2 protein chains.
Amino acid sequence: MRAFAEPRDTDLKRTCMRDHIRDALVTRILDGHYPAGAQLKELVLAGEFNVSQAPIREALRELEGSGLVTSERYRGTRVRGADLEEMRQSYELRATIEARAVELAIPCSPAVIAQLQDCLDAMQEALARNEVERYIDHALRLHRGLIEASGNRVFVTVWDSLHFDVRGRLVLRRMAERSSYAPLLQMHVELLERIRAGDAANAADILRRLFRSVAEVFRPD
Amino acid sequence: MRAFAEPRDTDLKRTCMRDHIRDALVTRILDGHYPAGAQLKELVLAGEFNVSQAPIREALRELEGSGLVTSERYRGTRVRGADLEEMRQSYELRATIEARAVELAIPCSPAVIAQLQDCLDAMQEALARNEVERYIDHALRLHRGLIEASGNRVFVTVWDSLHFDVRGRLVLRRMAERSSYAPLLQMHVELLERIRAGDAANAADILRRLFRSVAEVFRPD
DNA sequence: CGGCAAATGATTATCGATAATATAGAATAG
DNA sequence: CTATTCTATATTATCGATAATCATTTGCCG
């Protein structure tokens, strides 16, 4: 017997349950809905998502692999990160990886530069129209593009598995409440200039400074 | 009914099946037993390990989280990495992370320095006695200690989830067949000197050079 | 012969139930 | 009154079976 004989609530069954569950859990962990240390009880979650234990467990194992939760045998799975300190530390890693990625990416093919420029233009336009979510989309696209341009697939995998897409979205939303994106955008402009010029050292340095200014968000209010 | 009524072959049931399975799969992937792209069929593995599908799937999901395999809905799970190029790229990441970790770790508390020195002494002793496996144990202990000393728990998580313990073991064994550990050990000695002196920039640089020399192993024979 | 369609086989995704283990509270002995 | 063992109860780990989907082959018709 299928679990969902009745019509589905929101999303179609485009992907399997465990993917939906994983994404939902990632968001809940990173936005603080589940505080650090909270136990994720399988049957409770199974009830919430209207599925059996199995897909829940698989989603949890995937999160375990990417380090967002830990589990102890017969003691359950607990949330690991997502307080401000963990966010700060994960951004330290992100800065480290992206700075190295841009060094590896330079010199950059015209095609890649065009793609990055496209992201930057879209960011600029979104900012002009004050469309925050669109700005975030394209900013994330730019940064992921940078990682891809390094040619190092392991970098990409790690960037993805730490869910910097979700993290970045949360961080940038938080920034929007405090200050303007304008200085941030300006740094991206300079970054692209340095990339174009083949100036790896300064490009990497701009990225480090960029993330240092983003890190301000992680100060307690 | 339990799957293992008969006495177990090797290891006691100290940990749950999915952990054994995960570790076994990690080793098989990294040592090349499963070539890149190989499909990991759940029921076949279930047969091999004498368990049902569930723990296999969970192990696979954990590996998916740490990026060693990818899976496509209803199409199965395939090995992602572990050719020479993937090893090289993962070591590029390792070098990047460890170099930054040592910068963050400096200045270092006397307790941590003592611990690192202890690893180094053990490495030296093992090398003198030509005990390769012992040397590897302590070298890995030193490097993980370095990551921990950075105080960044995300670094530790990523280092663990990429299974640098298993990778390092394989790489160092391979090195042993080609050249002596002596120059490598010497670099570690210098590294610790720089750490003691609080010289972050040079310590990080030694680490980068160290991994560059390790990377020689990844050249095709 | 060649292309389409249905049937077949292989594999994954999920289910519901059961076994194993830990935790907490009650009962008991000292 | 405290420490200890025992007994529920909650939770995880695993099982065996079924449903859903994909891949391949077969059979039919032009």
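The following questions and answers walk through a predicted model of two chains, A and B.

Visitor: By what turn can chain B be laid on chain A, and what relation is that?

Guide: Superposing chain B on chain A leaves an RMSD of 0.0 Å, and the operation is a turn of 180° with a shift of 0.0 Å along the axis. Because the operation has that form, the relation is that of a two-fold axis.

Visitor: What percentage of the contact residues of chain B recur in chain A?

Guide: The contact draws 34 residues from chain B and 34 residues from chain A. The same surface serves both copies, and the share of chain B contact residues that recur in chain A is 100%.

Visitor: How much area do chain B and chain A bury between them?

Guide: The size of an interface is often given as the accessible area lost when the parts come together. For chain B and chain A, 54% of that buried area is on carbon and sulfur atoms, and the total is about 2,900 Å².

Visitor: How many salt bridges does the rule find across the interface of chain B and chain A?

Guide: One salt bridge pairs Arg61(A) with Glu58(B), whose closest N and O atoms are 3.4 Å apart, and this lies inside the 4 Å cut-off for a salt bridge. Beside the salt bridges, the rule finds 16 residue pairs in polar contact across the interface of chain B and chain A. For salt bridges across this interface, the number is 8.

Visitor: Which element gives the largest share of the side of chain B that touches chain A?

Guide: The elements of chain B that give two or more residues to this side are helix H3 (53–65), helix H4 (84–105) and helix H7 (153–161). The largest share amounts to 9 residues, and the element that gives it is H4(B).

Visitor: Which residues touch the most other members of the largest nonpolar core?

Guide: Beyond its neighbours within four places in sequence, Ile195(B) is in contact with residues including Val102(B), Ile106(B), Leu116(B) and Leu146(B). The largest nonpolar core has 98 residues, and those that touch the most other members are Ile195(A) and Ile195(B).

Visitor: Is His143(A) buried or exposed?

Guide: His143(A) sits in helix H6 (residues 132–149) of chain A, and its side chain is joined to that of Glu98(A) by a polar contact of 2.6 Å. Leaving aside neighbours within four places in sequence, its contacts include Arg94(A), Trp159(A), His188(A) and Phe211(A). Because the relative accessibility of His143(A) is 4%, under the 20% limit, His143(A) counts as buried.

Visitor: What is the omega of the cis peptide bond that joins Ile106(A) and Pro107(A)?

Guide: Most residues other than glycine have a negative phi, and most peptide bonds are trans. Pro107(A) lies in the loop between helix H4 (84–105) and helix H5 (110–128) of chain A. In chain B the peptide bond from Ile106(B) to Pro107(B) is also cis, with omega near 0°, while for the bond joining Ile106(A) and Pro107(A) omega is about 5°.

Visitor: Where is Asn130(A), and is it buried or exposed?

Guide: Asn130(A) has a positive phi of about 65° although it is not a glycine, and its place is in the loop between H5 and H6 of chain A. Asn50(A) likewise has a positive phi, of about 60°, but Asn50(A) is partly exposed at a relative accessible area of 46%. Because the relative accessible area of Asn130(A) is 63%, over the 50% limit, Asn130(A) is exposed.

How values were computed. Residues numbered from 1 in each chain as written. Chains lettered and ligands numbered in written order. Predicted model: local features only at pLDDT ≥ 70, side-chain atom pairs only at ≥ 80, totals over all residues. Heavy atoms only, no water. Core = buried A, V, L, I, M, F, W, Y, C linked by side-chain atoms within 4.5 Å. Buried < 20%, exposed > 50% of the residue type's maximum accessible area, 1.4 Å probe, protein only. Contact = heavy atoms within 4.5 Å. Least-squares fit on C-alpha atoms with pLDDT ≥ 70 in both. Buried area = accessible area lost by both parts, 1.4 Å probe. Salt bridge = Lys/Arg side-chain N within 4 Å of Asp/Glu carboxyl O. Polar contact = N/O pair within 3.5 Å; in protein donor to acceptor, adjacent residues only side chain to side chain. Helix = DSSP H or I, 4+ residues; strand = E, 2+ residues; numbered from the N terminus.
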